[in-house]
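Here is a quick, friendly tour of one protein model for someone meeting it for the first time. Take a look at the structure, then read on.

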Amino acid sequence: MKKTRTQLLNDLQRIKVEQYKLREGEEVRDFICLMLEYIGDPQPELRDELIYPTFYEWILEQRLFSSDELRGILAVLLDERHLFHGIGGQEDDTVFTRTFTALVIGLMIHRHREQPFLDAAGFQQLKSALLRYYTEEKDLRGYVEKGGWAHSAAHGADAIDELVQCQESGETVQLEVLEAVRDMLQNGVYIFREEEDERMATIVDTMILCNLLARERIAEWVSSLAASGSQPGNRSLYINRINSKNFVRALYFRREREYFGQELQEALIAAELKMNEFTAKTILSVQ
């Protein structure tokens, strides 16, 4: 007999108390299908406090899945009922399915980094789907009063941060990622206020820290963000400028200045100055 949502809730509460260990006679497959079905449950207790932590423990800590099982789970996560469920919609509960799917995809990528289970074609499919999601997501709310965390920009950034660290992610992938991050920052609709800029800055910080992309290419990209600071004002461009400015600040203050190298450090300072109208006004008043 198929388990119900209530049974899943009770089972996962018990599994959490018992340190995510299964009892004699239980199999992981007894729970996975229903966990995937309710991965975006509107109630945060099941979605955020039980399903996601259980996936974390079973994927990364206990490593309960074989390569075939991981590929099977990932195929479901990337389908139209999960990562792309209701994509393009706004202000509805489908966002929880997409964003918590993205979180679990991040766990899967981390596992792949440590114990590869995808071939070249599988990785390309994963990369394309994840970046497509980040570009097409339109519900950018952070914390939703009646549903808890949606946080699409942040959850997607967490998964992308794992993606850029994969050995398959060469320069082309890194540059594609930067374009997706820029599109998210310059969405023209939503000003991020739940530290999404910090989570996106982590992606670029990882690129720098791990030498995944030449600093001069990152400096060029940072400079391109500042273009929003010199365009005629309207609401969309104002949003783009604020998001980009906050991102540049988040990245700049992440580490010691020497870490960036001169060219990138100068690009960050110049970009912030160009997007900071208050600084510009102060300079003009002094003159």
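Gln-19 sits in the loop between helix H1 (5-17) and H2. Keep in mind that this is a predicted model. Is Gln-19 buried or exposed? With a relative accessible area of 55%, Gln-19 is exposed. Its backbone has a quirk too: phi of Gln-19 is near 60°, a positive value in a residue other than glycine.

Arg-63 shows a similar sign. Its phi is positive, about 50°, although Arg-63 is not a glycine. You'll find Arg-63 in the loop between H3 and H4, and its relative accessible area of 32% makes it partly exposed.

**Helix H4 and its two sides**

Now for helix H4, which covers residues 67-77. Which residues of H4 are buried? They are Leu-70, Ile-73, Leu-74 and Leu-77. Looking down the axis of H4, you'd see these buried residues fall within an arc of 100°, so they line one face of the helix. There's a general reason for such patterns: an α-helix has 3.6 residues a turn, so residues three or four places apart point the same way. On the other side of H4, Asp-68 and Ala-75 are exposed. And what do the buried residues of H4 pack against? Their partners are helix H2 (29-37), helix H5 (94-114) and helix H6 (120-136).

**Into the core**

In soluble globular proteins, nonpolar side chains tend to be buried together. Here, the largest nonpolar core has 86 residues. Phe-55, Val-177, Met-200 and Phe-247 have the most contacts inside this core, while H5 gives the most to it, with eight residues. Take Phe-247 as an example. Leaving out residues up to four places away in sequence, Phe-247 touches Val-181, Leu-185, Asp-197, Met-200, Ala-201, Val-204, Trp-221 and Leu-225.

**Three residues in helices**

Thr-54 is in helix H3 (residues 44-61). With a relative accessible area of 0%, Thr-54 is buried. Where does its side chain reach? The side chain of Thr-54 gets to the backbone oxygen of Leu-50, at 2.6 Å. Setting aside neighbours within four places in sequence, Thr-54 is in contact with Leu-12, Tyr-20 and Met-35.

Asp-48 is also in helix H3, but at 25% relative accessibility Asp-48 counts as partly exposed. Asp-48 and Gly-148 are 100 residues apart in sequence, yet their C-alpha atoms are 8.5 Å apart in space. Not counting residues up to four places away in sequence, Asp-48 touches Pro-53, Phe-100 and Trp-149.

Over in helix H5 there's His-112, which counts as buried at 2% relative accessibility. What joins the side chains of His-112 and Glu-168? A polar contact of 2.8 Å does. Beyond residues up to four places away in sequence, His-112 touches Phe-117, Leu-118, Phe-123, Cys-166 and Glu-168.

**Rings meeting rings**

Let's turn to the aromatic side chains. How many aromatic pairs are there? The count comes to seven, and the table sets out two of the pairs.

| Pair | Arrangement | Centre to centre | Between the planes |
|---|---|---|---|
| Tyr-143 and Trp-149 | edge-to-face | 5.1 Å | 80° |
| Tyr-252 and Phe-260 | stacked | 6.3 Å | 5° |

In the edge-to-face pair of Tyr-143 and Trp-149, Tyr-143 counts as partly exposed at 47% relative accessibility. Trp-149 is partly exposed as well, with a relative accessible area of 29%. You've already met Trp-149 as one of the residues touched by Asp-48.

In the stacked pair of Tyr-252 and Phe-260, Tyr-252 counts as buried at 10% relative accessibility, and Phe-260 counts as buried at 1%. Together with Phe-253 and Tyr-259, Tyr-252 and Phe-260 form one aromatic cluster.

**Charges over rings**

Some rings have a charged neighbour instead. Which ring does the charged end of Arg-47 sit over? That would be the ring of Phe-96, with the charged end 4.1 Å from its centre. Likewise, the charged end of Arg-132 sits over the ring of Phe-84, 3.8 Å from its centre.

How values were computed
Residues are numbered from 1 along each chain as its sequence is written. This is a predicted model: local features need pLDDT of at least 70, side-chain atom pairs count only at pLDDT 80 or more; totals for chains, interfaces and linings use all residues. Side-chain values use heavy atoms; hydrogens and water are left out. Rings of Phe, Tyr and Trp (its six-membered ring) pair if their centres lie within 6.5 Å; planes under 30 degrees apart count as stacked, over 60 as edge-to-face and the rest as tilted. Buried means under 20% relative accessible area, exposed over 50%, partly exposed in between (1.4 Å probe, protein chains only). A charge sits over a ring if NZ of Lys or CZ of Arg is within 6 Å of the ring centre and within 35 degrees of the ring normal. Helices (H or I, at least four residues) and strands (E, at least two) are DSSP runs, numbered from the N terminus. The arc is that of the directions from the helix axis to the C-beta atoms. Contact means heavy atoms within 4.5 Å. A nonpolar core is a set of buried Ala, Val, Leu, Ile, Met, Phe, Trp, Tyr and Cys residues joined through side-chain atoms within 4.5 Å. A polar contact is a pair of N or O atoms within 3.5 Å; within protein, one must be able to donate a hydrogen and the other to accept it, and residues adjacent in sequence count only if both atoms are side-chain atoms.
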